[in-house]
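Here are a few short exercises to work through with the model open beside you. Try each task before you read its solution.

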Amino acid sequence: MSQEPIHIIGGGLAGSEAAWQAAESGAQVILHEMRGVKETDAHSTDSFAELVCSNSFRSDDHEHNAVGLLHEEMRRCNSLIMKAADASKLPAGGALAVDRHGFSALVTKAIEDHPNITIQREEIAGWPPEDWRHVIIATGPLTSPALAEAILAKTGEDSLAFFDAIAPIVHYDSINHDIAWKQSRYDKVGPGGNGADYLNLPMDRDQYYAFVEALKTAPLHEFKDWEKVPYFDGCLPIEVMAERGAETLRHGPMKPVGLTNPRNPTVKPYAIVQLRQDNALGTLWNMVGFQTKMRYGIQAEIFRMIPGLENAQFARLGGLHRNTFINSPKVLTADLRLKADPRIRFAGQVTGVEGYVESAACGLITGRLTAAEARGETLAMPPVTTAFGALIGHITGGHVEAESYSGARSFQPMNVNFGLFPEVTIEKPEGVKRWKGTEKTMAKRKAITTRALEDLKAWQ
């Protein structure tokens with residue numbers, strides 16, 4: 001076995017999980033964490049896996065929820081993060097919520113006590129030294145400026161998206177296709193298109209003005225000081241556009257020009273909302289130009305005012321915040337290596353996964369991959385039918401760069417959700433003529449999760 005250590009930069013959820021997985025595989029790990037020497041604007045301790053925001057890991061239902069499935073896959077792969085979460089859980093209905101301090105203390109103790117892990121409190125203020133042959137960068141959305149600049153220089157990217165404009169994403173199956181129609185504005189084909197690349201949702205005058213008024217009165221997320229960055233006109237929140245005038249949205253993302261409703265071709269809609277395909281499977285669709293800083297609780301309610309979205313289910317709600325993540329589909333290989341320097345892997349939020357569990361899952365996979373590499377072995381990637389595989393497939397190429405011809409960046413952070421999984425075929429139970437209510441949706445989810453755990457077992 002190689003005696004060369006694995007260097008992991010960052011002791012958040014992804015870095016801690018990567019260190020644990022690699023060490024449990026027998027590798028020698030050096031975990032570099034700058035907190036304790038240099039603080040961030042968001043953390044309050046120097047403990048590992050500190051939870052900065054919520055204390056919830058979201059749903060723990062592994063049969064009918066994608067993040068619950070990810071929980072279960074991680075548990076079956078000896079996840080330190082899930083062990084600590086289960087040991088520090090609090091009552092939260094169907095969700096897995098934790099005592100944040102107890103959780104972090106458990107992770108920290110496990111890392112400190114592991115005989116194969118050495119902790120070095122220091123900032124890696126530049127590109128990792130050339131004699132580090134096995135490296136995982138797991139520095140999260142608050143990557144230090146010096147390392148961020150080194151990443152920029154190495155990848156050749158123009159920026160690390162320090163200012164995020166995120167639009168909501170809708171599950172295709174939840175859109176009312178009796179109202180929506182497919183058409184590109186002015187029937188333009190574009191690269192890889194066919195002239196019908198957008199879903200269009202029409203509004204009459206009364207519907208439009210009611211929607212604008214709802215936007216103007218919606219409660220907004222209040223940013224922390226370190227998140228406050230100036231807006232730029234290319235990605236103004238829709239509520240800011242609404243405040244600039246009642247007609248502003250009709251001359252922006254909701255303009256009704258270049259489109260004809262085939263169901264009522266003689267009547268011109270007063271405004272039109274467009275949705276663009278967001279992943280290669282066609283299961284997720286992005287609300288074009290609908291970046292917002294409205295609070296999550298009100299977003300779905302307001303967006304369901306749009307005809308065709310009355311029963312919409314959202315894979316991700318909108319947002320506008322400071323963030324740091326690399327353009328993973330462009331700069332990473334399918335096994336999370338940096339194309340410009342293959343000895344480096346990236347893990348966690350810096351890759352474009354969103355959420356505690358997703359970050360830790362990414363760390364779990366990179367830890368195992370790198371440990372196998374240090375032994376001179378090759379570990380197969382998890383199947384795309386698993387939550388692991390679906391998530392990694394998204395960040396390394398599962399999205400659609402619909403606007404690559406214009407130079408616009410289309411890759412955005414994403415939570416794990418069923419829209420990332422390949423389709424599964426289900427049949428009605430014997431004797432059932434038609435599905436009732438949510439029966440079909442629940443059966444489909446159960447089929448996806450059952451397949452995932454079977455394929456995970458084979459992979460293991």
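**Exercise 1. Find the contacts of K339, place it in the fold and decide whether it is buried, partly exposed or exposed.**

Step 1. Leaving out residues up to four places away in sequence, K339 touches P329, K330, V331, L332 and T333. Keep in mind that this is a predicted model.

Step 2. As for its place, K339 sits in the loop that lies between β16 and β17 (341-346).

Step 3. The relative accessibility of K339 is 48%, and partly exposed covers the range between 20% and 50%, so K339 is partly exposed.

Step 4. Now look further along the chain: T155 is 184 residues away from K339 in sequence, yet their C-alpha atoms are 8.2 Å apart in space.

**Exercise 2. Work out the strand order of the open sheet that six strands form, and say which strands lie at its edges.**

Step 1. Reading across the sheet, the order is β6-β2-β1-β7-β17-β16, with mixed pairing.

Step 2. Strands β6 (117-121) and β16 (337-338) each pair on one side only, which makes them the edge strands.

Step 3. Take β6 and its partner β2 (residues 29-33): the two run parallel and share five bridges. Within this pairing, L31 is opposite I119 of β6.

Step 4. Add the helix that packs on the sheet: α1 (residues 13-24) touches β1 (6-9), β2, β6 and β7 (134-137). The directions of α1 and β2 make an angle of about 170°.

**Exercise 3. Describe how α1 packs with helix α4.**

Step 1. Start with the geometry: the axes of α1 and α4 (residues 100-113) are 10 Å apart, at an angle of about 35°. Their crossing is left-handed.

Step 2. List the residues in contact: α1 contributes L13, S16, A19 and W20, while α4 contributes F103, V107, A110 and I111.

Step 3. Sort them by class: seven are nonpolar, one is polar and none is charged.

**Exercise 4. Classify the ring pair of F418 and F421.**

Step 1. Two values are needed, because an aromatic pair is described by the distance of the ring centres and the angle of the planes.

Step 2. For F418 and F421 the centres are 5.7 Å apart and the planes meet at 50°. That angle is neither under 30 nor over 60 degrees, so the pair is tilted.

Step 3. Check burial: F418 has a relative accessible area of 14% and is therefore buried. F421, at 1%, is buried too.

Step 4. Finally, the structure holds eleven aromatic pairs, and ring pairs join F211, F290, F303 and F314 in a cluster.

How values were computed:
Residues are numbered from 1 along each chain as its sequence is written. This is a predicted model: local features need pLDDT of at least 70, side-chain atom pairs count only at pLDDT 80 or more; totals for chains, interfaces and linings use all residues. Side-chain values use heavy atoms; hydrogens and water are left out. Two strands pair if DSSP finds at least two bridges between them. Helices (H or I, at least four residues) and strands (E, at least two) are DSSP runs, numbered from the N terminus. Contact means heavy atoms within 4.5 Å. Axes are lines fitted to C-alpha atoms, for helices over the stretch in contact, and angles run from 0 to 180 degrees between N-to-C directions. A crossing is left-handed if the near helix is turned anticlockwise from the far one by less than a right angle, and right-handed if clockwise. Ala, Val, Leu, Ile, Met, Phe, Trp, Tyr, Cys and Pro count as nonpolar, Asp, Glu, Lys and Arg as charged, and the others, Gly among them, as polar. Buried means under 20% relative accessible area, exposed over 50%, partly exposed in between (1.4 Å probe, protein chains only). Rings of Phe, Tyr and Trp (its six-membered ring) pair if their centres lie within 6.5 Å; planes under 30 degrees apart count as stacked, over 60 as edge-to-face and the rest as tilted.
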